Amino acid sequence: MTALVAVLALGVGAAEAGAKPPLLIGNCVKPKFKPRNVIIACGDASLGAREMAWSSWTQKTALGTGTGQVNDCDPDCVHGTTRHAPMQLLLSHPRRCSNGRRLFTKLRYTWTSGAPVGPASGSVPVGCKLVNL
């Protein structure tokens, strides 16, 4: 009986190891694996990160760094200037969507050298509902 439990436990681990990793909806439209550019504010693309380098991407979380960009909206958002600074992204809370794919549903961003404008960090939902899955 103990051997059967060990075999079953190994089988579960092997199945998880072969599972496809969760994806991120990085462009507000299509899920991708390790996207190079990420739009964080889908409404107006006023906040995002580019040139992302992902140091880890597991079944539960992903961590990457890149260049954050934010519109300072001065004097207004149409005429504002895009400011840049180093940014870190942490993805978490993977969930299975109605199409069967797993997506990260939470994105936390942190300006690693101080925010050019606005808060130093924040989080946004990025999961299945964003693209109606």
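**Entry 1: Cys28 and Cys42**

I began with Cys28 and its accessibility: the residue has a relative accessible area of 17% and is buried. The model I am reading is a predicted one. I then looked for the bonding partner of Cys28 and found a disulfide to Cys42, with an S to S distance of 1.9 Å. Next I placed both residues relative to the strands. Cys28 sits in the loop between β1 (24–25) and β2 (31–32), and Cys42 in the loop between β3 (38–39) and β4 (47–57), so the disulfide ties together parts that are 14 residues apart in sequence. I noted a torsion of about -95° about the S-S bond of Cys28 and Cys42, so I recorded this disulfide as left-handed. For Cys42 the relative accessibility is 32%, which counts as partly exposed. The pair thus joins a buried Cys28 to a partly exposed Cys42.

**Entry 2: Search for further disulfides**

I asked how many disulfides a search of the whole structure finds. The search returns 3. I also checked the connectivity: with bonded cysteines counted along the chain, the pattern is 1-2, 3-4, 5-6.

**Entry 3: Cys73 and Cys77**

I turned to the disulfide between Cys73 and Cys77, where S to S is 2.0 Å. Is this disulfide left-handed or right-handed? The torsion about the S-S bond of Cys73 and Cys77 is about 100°, so the disulfide is right-handed. I looked up the accessibility of each partner. Cys73 is partly exposed at 26% relative accessibility, and Cys77 is partly exposed with a relative accessible area of 41%.

**Entry 4: Asn71 beside this disulfide**

I followed the polar contacts of the two cysteines back to Asn71. A polar atom of the Asn71 side chain lies 2.8 Å from the backbone nitrogen of Cys73. The side chain of Asn71 also reaches the backbone oxygen of Cys77, at 2.8 Å. Asn71 thus has side-chain contacts to the backbone of Cys73 and to that of Cys77. I recorded Asn71 as buried, its relative accessible area being 18%. Setting aside neighbours within four places in sequence, I listed the contacts of Asn71 as Ser46, Cys77, Gly80, Thr81 and Thr82.

**Entry 5: The strand that holds Asn71**

I located Asn71 in strand β5, residues 62–71. I then asked which way β4 and β5 run and how many bridges join them. They run antiparallel and are joined by 8 bridges. β4 and β5 form a hairpin, with 4 residues between the strands. As one register point I noted Ser56, whose bridge partner in β5 is Leu63. For β5 and β6 I found an antiparallel arrangement with 10 bridges. Here I noted Thr65, whose bridge partner in β6 is Gln88. β5 is therefore recorded with bridges to β4 and to β6.

**Entry 6: Cys97 and Cys128**

I closed with the disulfide of Cys97 and Cys128, whose sulfur atoms are 1.8 Å apart. Cys97 lies in the loop between β6 (82–96) and β7 (102–111), and Cys128 in the segment after β8 (121–125), so this pair ties together parts that are 31 residues apart in sequence. The link of Cys97 and Cys128 is left-handed, with -85° about the S-S bond. I asked whether Cys97 is buried or exposed. Cys97 is buried, with a relative accessible area of 6%, and Cys128 likewise counts as buried at 11% relative accessibility.

How values were computed:
Residues numbered from 1 in each chain as written. Predicted model: local features only at pLDDT ≥ 70, side-chain atom pairs only at ≥ 80, totals over all residues. Heavy atoms only, no water. Disulfide = S-S within 2.5 Å. Helix = DSSP H or I, 4+ residues; strand = E, 2+ residues; numbered from the N terminus. Buried < 20%, exposed > 50% of the residue type's maximum accessible area, 1.4 Å probe, protein only. Polar contact = N/O pair within 3.5 Å; in protein donor to acceptor, adjacent residues only side chain to side chain. Contact = heavy atoms within 4.5 Å. Pairing = 2+ DSSP bridges.
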